[in-house]
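Biologist: I am new to this structure, and I would like to learn how to read the empty spaces and the packing in it. Could we go through them one feature at a time?

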Amino acid sequence: MSEPATSRPSRREQILDAAAELFARYGFHGVGIDDIGRAVGISGPALYRHFRGKDAMLAEMLTGISDRLLDAGRSRASSTAEPLRTLDELVRRHVEFALTNPALISVHLRDLDSLAANERHRVREAQRGYVEVWVEVLRLARPELDQPTARATVHAVLGLINSTPYSAHLDTAAMTALLHRMAMSALTG
């Protein structure tokens, strides 16, 4: 959620990061506005200067990351004419995302249904778009795959990578290498 380490996260980003960690640990409904405020060193009511409420934090958190993943996927897919290289880049970027954002993955898996219907729809649309980027690249790399098989393969690979909040038992470098190797093996057959 935060910008690169060279810049200091904005107060809004700090709040979203703290909320993600708390929602991941205790669930959206198990966290109060005062808990989030305390985590960033301000009173709960002071959060209303940045967000209209806890629901708005969850919405921005989940729609924001879904939109960023989709944009990054599209950018990678259009940046090279080599499907295997593009697939490799998509895997590398998603593994990096999963290993650096386990709280967001946990929140998404557990609390997506806590979003208002229109925001949940927006997240799902971005996710479908992201999957379709992968499917298109996979079918270019493996033209023998029909669309349903390619889509099922992509969903399985993303599920594997997104399991890291629950399965990352190795150091980051080893987990990165393992996930990359497993994902590429599954995608390339």
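**Reading spaces and packing**

Modeller: Helix 3 gives the most to the lining of the largest cavity, with 4 residues. Please keep in mind from the start that this is a predicted model.

Biologist: How is such an empty space found, and which residues line the largest cavity?

Modeller: The general idea is that rolling a probe the size of a water molecule over the atoms shows where empty space is left. In this structure the count comes to 1 cavity of 30 Å³ or more, and the volume of the largest cavity is about 40 Å³. Its lining is made up of L69, A72, G73, R76, L90, R93, H94 and Y130, and the elements that give two or more residues to that lining are helix 3 and helix 4. By residue type, the lining of the largest cavity divides into 4 nonpolar, 2 polar and 2 charged residues.

Biologist: What is the volume of the largest pocket, and which residues lie nearest its centre?

Modeller: The largest pocket has a volume of about 490 Å³, and among the 23 residues that line it, H108, Q127, Y130, L158 and N162 lie nearest its centre. Two or more lining residues come from each of helix 3 (54-79), helix 4 (83-100), helix 5 (102-111), helix 6 (117-141) and helix 7 (147-162). Helix 6 supplies the largest share of this lining, 7 residues, while the lining as a whole divides into 12 nonpolar, 7 polar and 4 charged residues.

Biologist: How should I read helix 6 itself, and which of its residues are buried?

Modeller: A useful general idea is that an α-helix has 3.6 residues a turn, so residues three or four places apart point the same way. In helix 6 the buried residues are E119, V123, A126, G129, Y130, V131, V133, W134, V135, V137 and L138, and what covers them includes helix 3, helix 4, helix 5, helix 7 and helix 9 (172-188). As for its length, the 25 residues of helix 6 should span 36 Å at 1.5 Å a residue, and because its end C-alpha atoms are 36 Å apart, the model agrees with that expectation.

Biologist: Which residues have the most contacts inside the largest nonpolar core?

Modeller: In soluble globular proteins, nonpolar side chains tend to be buried together. Here the largest nonpolar core has 56 residues, and those with the most contacts inside it are F23, I36, M57, M61, W134 and L187. At least two residues of this core are supplied by each of helix 1 (11-26), helix 2 (33-40), helix 3, helix 4, helix 5, helix 6, helix 7 and helix 9.

Terms used. Residues are numbered from 1 along each chain as its sequence is written. This is a predicted model: local features need pLDDT of at least 70, side-chain atom pairs count only at pLDDT 80 or more; totals for chains, interfaces and linings use all residues. Side-chain values use heavy atoms; hydrogens and water are left out. On a 1 Å grid over the protein atoms alone, a cavity is a set of points where a 1.4 Å probe fits but cannot get out, and a pocket is an open set with protein on both sides within 12 Å along at least five of seven lines; lining residues have an atom within 4 Å of a point. Grid points are joined across faces, edges and corners, and a volume is the space filled by probe spheres set on the points. Ala, Val, Leu, Ile, Met, Phe, Trp, Tyr, Cys and Pro count as nonpolar, Asp, Glu, Lys and Arg as charged, and the others, Gly among them, as polar. The expected span of a helix is 1.5 Å times one less than its number of residues. Buried means under 20% relative accessible area, exposed over 50%, partly exposed in between (1.4 Å probe, protein chains only). Contact means heavy atoms within 4.5 Å. A nonpolar core is a set of buried Ala, Val, Leu, Ile, Met, Phe, Trp, Tyr and Cys residues joined through side-chain atoms within 4.5 Å.
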